[in-house]
Amino acid sequence: MLLPPPDKKLKDVEISFPIVYGTISFWLGKKASEYNSHKWTVYVRSATNEDLSVIVKRVVFQLHPSFTNPTRVVEQPPFELSESGWGEFEIAITLYFHSDVCEKRLDLFHQLKLYPEEDTGPQSTKKPVVVETYDEIVFPDPTEAFFHRVQNHPAATVPRLPPGPMELVPHENKRGDTKDHPLSQWFSNFSEADELLKLAAARQQVQAHIAKLRRQLSMIDGMPQQSKAVSVQGQQFGHG
């Protein structure tokens, strides 16, 4: 098998890994107490529930300082931790990658949510509160060693390169995937089509907001000069 030089870069090539990070929290019901009302899990997973250890070396979860040992390090998949408590807070999630993947770390932040929205009904021990965020990690100009290692991995989006000396390596399923995870029934199903629809909707909202601002500006431009001066002075006064 011909292996590529470990440090040789592939210019103008990008490898991306769609990921999901979030929390799932369960109300303890009759077992709940004032300071221990919910059990929850925070995690980072592949958007397709494949094994992320092909790129991730370890994940550090930074909990609220009131927890014992608030800095938790997870060095093997699944990259998650479970705890219990009563309060909501922001969790810092730091991803460290293998040396041939990326030297920089990736910092993420997630707000732990324990209580459901009012329109979703009362708390239930059977239906958890799930909050997830979809994102994509993009690695530009990867090394040939990294490309060679993940080119056939189902969690990676890898471009096809012209035929060359590199040999395709079949992907073997590892125990680190989350397809059979006990919480997988609650995972959101993120697809590229869904994300494109969300992006299109967000773009329409932005365009509508821009159009509204343009109308407001055109109205201001049509006002008498004295009125415009008063308006500007009022803004200056209001902002000190």
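Trainee: For residues 225-240, how many contacts beyond four places in sequence does the model have?

Mentor: There are 3 such contacts, and pLDDT stays under 50 over that stretch. Here pLDDT is the predictor's confidence in each residue, from 0 to 100, and a contact means heavy atoms within 4.5 Å. This is a predicted model, in which local features need pLDDT of at least 70 and side-chain atom pairs count only at pLDDT 80 or more, while totals for chains, interfaces and linings use all residues. Residues are numbered from 1 along each chain as its sequence is written, and side-chain values use heavy atoms, with hydrogens and water left out.

Trainee: What is the mean pLDDT of the protein?

Mentor: The mean is 79, and 68% of the residues reach 70 or more. Residues 162-173 fall below 50, yet the model gives this stretch 18 contacts beyond near neighbours in sequence.

Trainee: What makes up the secondary structure of the protein?

Mentor: The count is 3 helices and 8 strands, in the order β-β-β-β-β-β-β-β-α-α-α. The elements are DSSP runs numbered from the N terminus (helices: H or I, at least four residues; strands: E, at least two). Of contacts between residues at least 6 apart in sequence, 68% join residues at least 24 apart.

Trainee: Why is strand β1 called largely enclosed?

Mentor: Buried means under 20% relative accessible area, exposed over 50%, and partly exposed in between (1.4 Å probe, protein chains only). In β1, residues 14-27, 11 of the 14 residues are buried, so the rest of the structure largely encloses the strand. For the protein, with its 240 residues, the buried share is 33%.

Trainee: How do you know that β1 pairs with β8, and in which sense?

Mentor: Two strands pair if DSSP finds at least two bridges between them. β1 and β8 (residues 129-140) have 12 bridges, in the antiparallel sense, so the criterion is met. Phe17 stands opposite Ile137 of β8. β1 also runs antiparallel to β2 (residues 38-46), with 9 bridges; there Gly22 has Tyr43 as its bridge partner.

Trainee: What makes Glu132 and Arg45 a salt bridge?

Mentor: A salt bridge needs a side-chain nitrogen of Lys or Arg within 4 Å of a carboxyl oxygen of Asp or Glu. The closest N and O atoms of Glu132 and Arg45 are 3.1 Å apart, so the pair qualifies. Glu132 is in β8 and Arg45 in β2, so the bridge ties together parts 87 residues apart in sequence. Both residues are buried.

Trainee: Which strands does the salt bridge of Glu83 and Arg72 tie together?

Mentor: Glu83 lies in β5 (residues 79-85) and Arg72 in β4 (residues 71-74), so the link spans parts 11 residues apart in sequence. The N to O distance is 2.9 Å. Arg72, at 18% relative accessible area, counts as buried. The structure holds 6 salt bridges, including the one between Arg105 and Asp107 at 3.3 Å, N to O. Asp107 has a relative accessible area of 36% and is therefore partly exposed.

Trainee: Is Tyr35 buried or exposed?

Mentor: Its relative accessibility is 57%, so Tyr35 counts as exposed. Tyr35 sits in the loop between β1 and β2.

Trainee: Why are Tyr35, Trp86 and Tyr115 called a nonpolar patch?

Mentor: Patches are made of residues with over 30% relative accessible area and no salt bridge, where like charges are joined within 9 Å and nonpolar side chains (Val, Leu, Ile, Met, Phe, Trp, Tyr) within 5 Å. Tyr35, Trp86 and Tyr115 form such a patch, with about 370 Å² of accessible area together. Areas come from the Shrake-Rupley method with a 1.4 Å probe; for residues, only the protein chains shown count as cover.

Trainee: Why is Pro116 called partly exposed?

Mentor: Its relative accessible area is 27%, so Pro116 is partly exposed. Pro116 lies in the loop between β7 (106-111) and β8 and touches Gly121, Pro122, Gln123 and Val129, leaving aside residues up to four places away.

Trainee: What is notable about the backbone phi of Asp12?

Mentor: Phi is near 60°, a positive value in a residue other than glycine. Asp12 lies in the segment before β1 and, at 78% relative accessibility, counts as exposed. Asn69 also has a positive phi, near 50°, and lies in the loop between β3 (56-62) and β4.

Trainee: Is the peptide bond from Pro77 to Pro78 cis or trans?

Mentor: That bond is cis, with omega near -5°; Pro78 is in the loop between β4 and β5.
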